[in-house]
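Dear colleague,

I am passing on the structure we spoke about, and I would be glad if you could look through it with the notes that follow.

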Amino acid sequence: MSKGKYYITTAIAYTSGKPHIGNSYEIVLADSIARFKRKDGYDVFFQTGTDEHGQKIELKAQEAGITPKQFVDQVAGTIKDLWNLMDTSYDHFIRTTDDYHEKQVQKIFKKLYDQGDIYKGSYEGLYCTPCESFWTESQLVDGKCPDCGREVKPAQEEAYFFKMSKYADKLIEHINTHPEFIQPVSRKNEMMNNFLLPGLQDLCVSRSSFKWGIPVDFDQKHVVYVWLDALTNYITGIGYDCEGNSSQQYHKLWPADLHLIGKDIIRFHTIYWPIFLMALGEPLPKQVFGHPWLLQGDGKMSKSKGNVIYADDLVNFFGVDAVRYFVLHEMPFENDGTISWELLVERINSDLANTLGNLVNRTISMSNKYFDGVVADKGCEEAVDEELKTVATGAYSKVAAKMDELRVADALTEIFALFKRCNKYIDETEPWVLAKEEAKKDRLSTVLYNLVESILIGASLLEPYMPSTAKKIAEQLNTQLRSFEELESFGKYPSGNTVTQKPEILFARLDAKEVVEKAEAMFAERKAAAEAAAGATEETPDVIEIEPKEEITYDLFDKMQFQVGEIIACEEVPKSKKLLCSQVRIGSQVKQIVSGIKQHYSAEEMVGKKVMVLVNLKPAKLAGVLSEGMLLCAEDAEGNLALVTPEKDMPAGAQIC
């Protein structure tokens, strides 16, 4: 009997390029939840897809010399191939260029306009092209976009706006009365304190400075703002119609049970999206979970460095299920996770090759060696068996409790606790010793039966996370994976069944040095190919072209005072993803300077650096912290920052001229 419907979505992937492993993590996480819910008796619908409009895509298509539709067709195909490669079980893949979606977005925009929620005006502000967002001067961090840290440019254009403040109080009430709505709780606090409680500004929901978007059908100069377009996929993909003719599927599935998204887009999903739904008179999703990021342990992934890790790279090295295990196991509930080639090898060797693979191989091999593969329960029990059985039959409830809280890494840990207990059981019972005495043959048979039964319970629990591996284990045990309902009692494996004669090595041990060398060779080859494609040679070093600013006179330049500063202390600015607060010695005085470089430098590594400082910049407060100058940085095409430092050791306070 079904436990009811369960509608889960991922954020739709932006088609500006191939997603790296950090982006791919989300689809694997969602898939593990969807598979678990299906196996747990829910009628699951799992939707993912691609977000395909916006100025950034229009510009990339121009650079590639193709139309925007041709560009997004290529990238959407790549994304879908990656999602399929990772063995994800989505039910629907939506593209925001799908005709049915575009028509509904136009109808939604018109409805909101007709009922007075959207009005026409003009916008003058600072625009970040990568984020497709307008900002005011006060919202910037060190003059840069507060979300991505990149340059913003002044922009003025006619636009339509949504009256966000009209629904703000209603949203605040909903969040306060539905504590499960935004998870983890830290994300809820961030949204309330930083955005809702200070007051919402009206939101720009159309653009007229580019064409690649869904046209506003009653005003062809405008295209619909990419976030209004993208967010509505969650309802258009299941048959929503704002004229009242929504499909049976929509009425069955909405509201969504879970929107699974990255923490960087939590604001759009917990403020803009609920308000859009309120305006449409539709229920709000039950839960929005902002998962943390998967970061590269040995430095930031960068296309210019050629070290970006993609899911298919890892699959080629380690296989699908090993990659699925790693990204699910290494991601904490709230904090960012780390990925590196060395850590991957360590986890595969310790958890997959040793704890799991060796357990399965040893058990099957002993069954073949001592009983020609026949696994029989002879009922020759001892006290040590009870603890193994307790762990095995109690595993499902522990895993289910973790999954109810979306603590997927912890759920995996509970499953591997069972496999570790099986290994301990082998050490306790010593089957090789029992095999030496004919009188203990029934005891040996019982021990091997208990191991096979426990392994099968563990494999059945493992299926949502490592589906191929779980199936292989069941095949080697010559049986089927079990439903969750069957896992809370012990002894269902058919006594007298025969395991495979040739157990397959599930995961081979790897040499970390060999893997790293192979990865470095791959990155070097990829970088060389990219340089060759761009026509790069040793005579044409990497350069970046930026838009020139208005010329200034020497008198204006002479008013700016640059000096060498020494950072003597540094700490993170509370509640800020971008900011570090440094105490900088300049001559005999110390200035406090706030900088948006937290993604590029830790507070610890800042201490002791000699840096270039604009000393006489007018003091300003950033995130409530006083800043008395500016640290100068260089930025590459990928948004990577490097502090400008003197070539030779210079004293703090030395003039830069």
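The notes below deal with a charged patch on the surface and then with one strand and its partners.

Please keep in mind throughout that this is a predicted model.

I begin with the surface, where Glu342, Asp511, Glu514, Glu517 and Glu520 together form a negative patch. Helix 19, which spans residues 512–533, supplies the largest share of this patch, namely three residues. Glutamate 342, by contrast, lies in helix 13, which covers residues 341–371. With a relative accessible area of 42%, glutamate 342 is partly exposed, and it can therefore count towards a patch, since patches are made of residues with over 30% relative accessible area and no salt bridge.

The second part concerns strand 21, residues 610–614, which is mostly covered, five of its five residues being buried. Lys610, Met612 and Leu614 point one way from the strand, while Val611 and Val613 point the other way, and the residues of both groups are buried. In a regular strand the side chains alternate between the two faces of the sheet.

Strand 21 also has pairing partners. Strand 18, made up of residues 562–572, runs antiparallel to strand 21 and is joined to it by five bridges, with valine 564 standing opposite methionine 612. Strand 24, residues 630–631, likewise pairs with strand 21 in the antiparallel sense, here over two bridges, and leucine 631 in strand 24 is the bridge partner of valine 613.

With best wishes

Notes
Residues are numbered from 1 along each chain as its sequence is written. This is a predicted model: local features need pLDDT of at least 70, side-chain atom pairs count only at pLDDT 80 or more; totals for chains, interfaces and linings use all residues. Side-chain values use heavy atoms; hydrogens and water are left out. Patches are made of residues with over 30% relative accessible area and no salt bridge: like charges are joined within 9 Å, nonpolar side chains (Val, Leu, Ile, Met, Phe, Trp, Tyr) within 5 Å. Accessible areas come from the Shrake-Rupley method with a 1.4 Å probe; for residues, only the protein chains shown count as cover. A salt bridge is a side-chain nitrogen of Lys or Arg within 4 Å of a carboxyl oxygen of Asp or Glu. Lys and Arg count as positive and Asp and Glu as negative; His and the chain ends are not counted. The place of a charge is taken as NZ of Lys, CZ of Arg, CG of Asp or CD of Glu. Helices (H or I, at least four residues) and strands (E, at least two) are DSSP runs, numbered from the N terminus. Buried means under 20% relative accessible area, exposed over 50%, partly exposed in between (1.4 Å probe, protein chains only). Two strands pair if DSSP finds at least two bridges between them.
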